[in-house]
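Reader: I'm new to this one and a bit lost. Could you pick one spot, look at it closely, and then walk me outward from there?

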Amino acid sequence: MADTDRQDAIWGHWRADVPASIVVALVALPLCLGVALASGAPLFAGLVSGIIGGLVVGALTRSPLSVSGPAAGLTAIVLGAIQGLATFEAFLLAVCLAGAMQISFSFLRAGILAEFVPSSVITGMLAAIGLILILKQLPHAIGYDGDPMGDFAFGQRDGGNTLSGIVSFLRDEIQWGAALVAATSLAFLFWWDKARPKDGPWRFLPGPLVVVVFGVVANAVFAHTFPSLVIAPTHLVSVPIAGSVDGFLDLLKLPDFTAVARADVWTAALAIAIVASLESLLSVQAVDEIDPQRRVTDKNRELLAQGFGNLASGLLGGLPVTSVIVRSSANVDAGARTQLSAILHAVWLLGSVLLIPAILNLIPLAALAAVLIATGWKLAKPALFAERYAQGWTQFTPFIITVVAILFTDLLIGIAIGIAVGFSFVIWRNVQNAVTVVHHGNDVMVRARFNLYFVHKAQLQAALSAIPDGRTVLIDLSATNYVDLDNIDIINAFVKAAPFRSLRVVIKGDARGQLADRINAPLTRARAT
């Protein structure tokens with residue numbers, strides 16, 4: 001698509017993209033701050049990376065619905081890199097170098113890796129993230145903030161884990177004002193999804209915006225009428241207040257280019273580049289799965305966009321950015337049509353941080369937790385589990401193992417486990433019944449149902465060894481276009497032994513002539529049909 005046509009297509013859907021961008025901005029705000037806090041970085045760095053992810057990556061990507069920003073999956077790596085490199089400025093240089101590496105990955109066409117992830121693993125990732133959102137946000141919904149909102153790993157910074165965090169908030173004193181805001185917000189969001197009018201101006205009203213405004217107003221009412229319900233300041237959004245454009249610029253950090261010769265900086269950069277690339281590719285693949293129009297993203301272009309995004313984020317004092325499934329799924333859910341929504345969400349973040357930071361700091365985390373819980377529910381609906389179960393064990397097993405693995409480890413480890421299980425099922429399916437044997441009097445047909453690889457050696461060997469002496473044997477390869485060397489050797493050995501067992505061997509369908517140069521014993525070759 002030409003650039004002018006692409007711009008026309010983007011701006012042609014602004015009525016859907018503008019309200020969706022507001023929803024994404026409201027979801028992104030606490031996550032940017034929470035990821036920064038969980039990563040041991042300045043809070044402002046999280047906002048910078050969120051803005052860069054929308055403006056730079058959003059402008060360069062070809063994914064219509066993916067939204068980029070600081071990622072929870074990178075918190076452990078970022079925390080280790082910041083602590084290991086001693087200075088935040090040296091870490092920023094590593095982020096810049098990681099971006100340059102991602103650009104090189106794009107030119108090396110590394111985006112093809114995303115196509116090898118089974119769909120059952122992708123849907124398992126979506127369901128797991130939905131469950132994590134619900135489990136992680138429940139404590140925030142009643143005023144317990146022992147863990148940052150952006151931390152999605154099973155192990156937490158406070159020494160607990162996802163499950164112990166839920167037990168902790170049940171033991172601690174509930175902030176009833178926060179719980180009331182969260183419960184009312186959740187009820188409204190679920191009602192609004194069903195009741196929202198399909199026509200008229202109200203259809204553009206973002207439910208999360210209503211929830212946020214309600215949370216601010218409710219807390220103000222509590223302060224004047226029910227002081228015991230007032231939500232504590234520690235449970236409100238905490239955006240750094242710049243005060244002016246100059247103050248905003250003063251909050252930006254610059255990378256330490258004098259550290260470019262340090263081996264540990266390059267090591268950190270490589271780790272960030274690889275993990276950020278994998279997370280982005282997986283996220284974009286997942287977004288394509290839930291895109292109502294089922295559009296397919298150019299994965300190599302995505303790596304290029306992410307590379308430039310990380311280069312810009314590092315130069316301006318931000319954290320590494322990736323395509324993020326939570327923000328992206330909220331974008332899809334809100335009805336976005338093009339990447340204009342991702343770009344505008346960054347504009348709203350930037351404008352609000354510059355112009356109304358004091359108002360942002362009035363937003364209860366309980367209201368934002370309700371938005372994230374509603375998003376999680378949509379990703380992990382029971383119907384999704386039932387659908388995968390109905391598809392059979394070969395689909396359900398990798399799906400459910402991916403869900404459990406992500407819940408109890410982290411995103412990338414869980415995905416790796418899910419892929420390993422998914423591939424084992426692929427191998428198992430291909431090994432089963434690859435070779436069939438049919439007996440008819442003194443005639444025996446050994447038929448390969450599809451291409452033969454090394455995993456089929458045992459089955460082929462067993463089939464040929466079980467043939468009684470003195471038979472006419474047809475080895476039918478007409479359904480194959482490839483037989484690997486291991487299986488050719490097995491057939492060759494069988495043919496060589498045939499005269500000693502009074503066997504007459506006929507080979508059919510060796511269309512590529514793979515056996516011609518390998519078999520030296522006399523045999524009859526049937527014409528391929």
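Author: Let's start at Asp264, which is partly exposed, with a relative accessible area of 32%. Keep in mind as we go that this is a predicted model. Why "partly exposed"? Buried means under 20% and exposed means over 50%, so at 32% Asp264 falls in between.

Now look at what the side chain of Asp264 is doing: it meets the side chain of Arg262 in a salt bridge, at 2.9 Å from N to O. Arg262 has a relative accessible area of 29%, so it counts as partly exposed.

That pair is part of a bigger tally, since the count of salt bridges comes to eight. Let's visit some of the others.

One of them joins the side chains of Arg295 and Asp291, with N and O 2.9 Å apart. Here the partners sit in different settings: Arg295 is partly exposed, at 24% relative accessible area, whereas Asp291 is buried, at 1% relative accessibility.

Next, try Arg447 and Asp476, where the closest N and O atoms of the salt bridge are 3.7 Å apart. This pair ties together distant parts of the chain: Arg447 belongs to strand β4 (residues 443-448) and Asp476 to strand β5 (residues 472-476), 29 residues apart. Arg447 is partly exposed because its relative accessible area is 30%, while Asp476, at 5%, is buried. Then there is a little network: Glu115, Asp288 and Lys299 are joined by salt bridges that share partners.

While you're around Arg295, have a look at Arg294. It lies in the loop between α11 and α12 (299-315). Its relative accessible area is 53%, so Arg294 is exposed. The backbone of Arg294 is worth a glance too, with a phi near 50°, a positive value in a residue other than glycine. Most residues other than glycine have a negative phi.

Arg109 is another case to put next to that. Its phi is near 65°, again positive in a residue that is not glycine. You'll find Arg109 in the loop between α5 (88-107) and α6 (119-141). At 53% relative accessibility, Arg109 counts as exposed.

Now back to α11, but for its nonpolar side. Which residues make up the nonpolar patch on the surface? They are Ile112, Leu113, Phe116, Leu270, Ile274, Leu278, Phe423 and Val426, and together they have about 690 Å² of accessible area. Two elements give two or more residues to the patch: α11 (263-290) and α19 (411-431). The largest share, three residues, comes from α11. Ile274 is placed in helix α11. With 39% relative accessibility, Ile274 counts as partly exposed.

For a spot where the chain comes back to a faraway stretch of itself, try Gly73. It is in the loop between β1 (68-70) and α4 (75-85). Gly73 and Ile413 are 340 residues apart in sequence, yet their C-alpha atoms are 9.9 Å apart in space. As for its cover, Gly73 is partly exposed, because its relative accessibility is 28%.

If you'd like a covered element instead, helix α13 (residues 325-333) is mostly that: eight of its nine residues are buried. Those buried residues are Ile325, Val326, Arg327, Ser328, Ser329, Ala330, Asn331 and Val332. Follow the chain on and, just after α13, Gly335 takes a positive phi of about 90°.

One last stop, this time for how helices meet. Two packed helices are described by the angle between their axes and the distance between the axes. Take helix α2 (residues 14-38) and helix α16 (residues 365-379): their axes come within 10 Å and cross at roughly 110°. That makes α2 roughly perpendicular to α16, because angles from 65 to 115 degrees get that label. As for the hand, α2 passes α16 in a left-handed crossing.

So if you want a single place to go back to, make it the Arg262 and Asp264 salt bridge, where Asp264 counts as partly exposed at 32% and Arg262 counts as partly exposed at 29%.

Definitions and conventions. Residues numbered from 1 in each chain as written. Predicted model: local features only at pLDDT ≥ 70, side-chain atom pairs only at ≥ 80, totals over all residues. Heavy atoms only, no water. Patch = residues over 30% accessible without salt bridge, like charges linked within 9 Å, V, L, I, M, F, W, Y side chains within 5 Å. Areas by Shrake-Rupley, 256 points an atom, 1.4 Å probe, with all protein chains shown as cover. Salt bridge = Lys/Arg side-chain N within 4 Å of Asp/Glu carboxyl O. Helix = DSSP H or I, 4+ residues; strand = E, 2+ residues; numbered from the N terminus. Buried < 20%, exposed > 50% of the residue type's maximum accessible area, 1.4 Å probe, protein only. Axes fitted to C-alpha atoms, helices over the stretch in contact; angles between N-to-C directions. Parallel < 35°, antiparallel > 145°, perpendicular 65-115°, else oblique. Left-handed = near helix turned anticlockwise from the far one by under 90°.
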